[in-house]
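Please open the model in your viewer and keep the selection panel at hand. This tour moves from one selection to the next and says what to look for at each stop.

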Amino acid sequence: MTRSRYLVVLVAWFSVLGCAHAVTLEVREGNSTCIKAELSAILSITYNTSNGTTTAQVSLPDSTSVDTSSSSCGSDSSSPWLVGVFGAGHTLGLGFSTNGSTYSVANLTLQYNLSDPSVFPQANSSDVVTVVSSSVGIWARVNTTYRCESPASVRVGGATVTFSNMKMEAYMSGGDLSATESVCTADQVSTTVPPPPPVSPTTPAPVPTPPGTPERGTYLLTSNGTECLLAQMGLQLNVSYFSLSQNKTVQETVNLNPNLTTVSGSCAASRATLELVQERITNLTFIFTLNSTSNKYHLSGLTLVAAWPDMTANLSASNTSLDYLRSTLGHSYMCNAEETLVVEPAFSLNTFRLQVQPFGVTTKQFATAEECRMDQDQMLIPIIVGAALSGLVLIVLIAYLIGRKRSHAGYQTI
């Protein structure tokens with residue numbers, strides 16, 4: 001079927017001079033809309049001139065249109081993209097991904113043409129620059145509209161993109177934005193301005209207390225009334241982000257509390273997804289993949305979307321090419337020792353007393369476990385120590401017997 005993609009652009013003008021225009025963009029396939037966005041965006045781009053560096057400020061103009069050659073609804077082998085083109089060869093693109101229950105902006109791309117004198121006067125280069133960011137922090141539940149009226153900035157290369165008045169939906173099932181909304185954290189915070197705090201001497205920020213070993217939770221998924229995935233584990237997040245209160249990048253370790261966590265996901269023949277959401281501000285998704293040829297499964301993907309109060313922007317970290325927690329179909333994977341699963345430089349996951357079975361669950365109990373190497377090594381340690389002690393005792397006993405025999409040999413009968 002021939003794919004037809006076209007643009008519907010509506011413009012909303014603000015009466016106050018200097019405000020960004022709200023632009024509506026759609027990506028369509030045939031008669032169906034798959035992506036729709038209503039947003040304002042201000043681009044702040046630092047570039048070099050003969051006198052040093054300067055910063056260009058440009059709003060996404062009302063003339064922005066969809067680049068039909070780059071935008072698409074996606075397929076089994078490609079992700080959906082919404083790419084807007086404006087001015088003299090400038091583009092702003094949003095690439096989407098989904099785990100079945102939520103969707104997110106996985107990539108933001110900005111391409112700007114330094115030879116455009118209306119935007120970059122006195123630029124000492126005429127290059128076309130492309131910058132990409134994979135930490136955008138925009139996510140929502142499938143079949144809901146992402147809404148964020150508050151300004152949200154995304155750092156991408158030497159530029160900053162500030163979105164506002166945003167309504168957007170990808171993987172759409174209807175012709176218009178869903179009436180059900182996933183509201184960003186900034187819009188959920190009260191707009192009441194607190195009184196200014198009293199002036200006090202500056203004190204160093206307190207050193208955070210380590211959270212200790214996380215509580216072990218039990219997570220069970222069902223499909224058509226039948227158990228399909230079972231997991232028991234304690235989870236600890238290691239996250240780097242830019243702190244609003246400390247005005248610097250910090251490393252924070254946070255335990256996932258199973259009592260505050262909701263469970264969802266999906267089970268298929270060769271793919272299982274477990275999604276854990278804590279208090280609507282922490283979304284952790286596991287993706288397990290089964291190789292039907294070898295009958296081996298493993299953890300192939302981990303995604304974290306966090307909207308913590310002290311973050312300057314929501315954090316999105318994802319890796320779908322992992323190879324952790326490998327085991328055999330019909331068995332569970334078990335590791336009582338602490339394991340660290342590195343996902344991205346800004347995010348890793350510590351697991352404690354973990355046992356998981358993403359395929360072949362027949363009851364609410366685990367099948368025979370295949371243990372991790374660390375557990376096997378820990379079992380070998382007492383065996384090796386015991387053997388060494390037994391050998392030492394044997395050596396001492398032999399030495400004693402030899403010494404006693406020599407002692408008797410020194411006394412002769414007269």
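Select Ser-164 to begin: in this predicted model, the residue has a relative accessibility of 16%, and because buried means under 20%, Ser-164 counts as buried. Colour the strands next, and you will find Ser-164 in strand 13, which covers residues 159-170. Which residues is Ser-164 in contact with, leaving aside its neighbours within four places in sequence? Show the side chains of Leu-39, Ser-40, Cys-148, Glu-149, Ser-150 and Pro-151, since these are the contacts of Ser-164 once those sequence neighbours are set aside.

One of these contacts, Cys-148, leads to the next stop, where a disulfide joins Cys-148 to Cys-184 with an S to S distance of 2.1 Å. If you set the viewer to give the torsion about this S-S bond, look for a value of about 75°, which means that the disulfide is right-handed. Cys-148 lies in strand 11 (residues 145-148), while Cys-184 sits in the loop between strand 14 (181-183) and helix 1 (185-188), so the bond ties together parts that are 36 residues apart in sequence. Cys-148 is buried, with a relative accessible area of 5%, and Cys-184, at 5% relative accessibility, counts as buried too.

Now select the cysteines throughout the structure, which holds four disulfides. When the bonded cysteines are counted along the chain, the disulfides follow the pattern 1-2, 3-4, 5-6, 7-8.

Move to Cys-34 and Cys-73, which form a disulfide with their sulfur atoms 2.0 Å apart. Is this disulfide left-handed or right-handed? The torsion about the S-S bond of Cys-34 and Cys-73 is about -80°, so this disulfide is left-handed. Tracing the chain from each end of the bond, you will find Cys-34 in strand 3 (residues 32-49) and Cys-73 in the loop between strand 5 (65-66) and strand 6 (81-86), so the pair ties together parts that are 39 residues apart in sequence. Both Cys-34 and Cys-73 are buried.

For the last stop, select Cys-228 and Cys-267, which are joined by a disulfide with an S to S distance of 2.0 Å. The torsion about their S-S bond is about 65°, so the disulfide is right-handed. This pair links distant parts of the chain, with Cys-228 in strand 16 (residues 226-243) and Cys-267 in strand 18 (residues 261-267), 39 residues apart. Switch on the surface to compare the two ends: Cys-228 counts as buried at 13% relative accessibility, whereas Cys-267, at 25%, counts as partly exposed.

Notes
Residues numbered from 1 in each chain as written. Predicted model: local features only at pLDDT ≥ 70, side-chain atom pairs only at ≥ 80, totals over all residues. Heavy atoms only, no water. Helix = DSSP H or I, 4+ residues; strand = E, 2+ residues; numbered from the N terminus. Buried < 20%, exposed > 50% of the residue type's maximum accessible area, 1.4 Å probe, protein only. Contact = heavy atoms within 4.5 Å. Disulfide = S-S within 2.5 Å.
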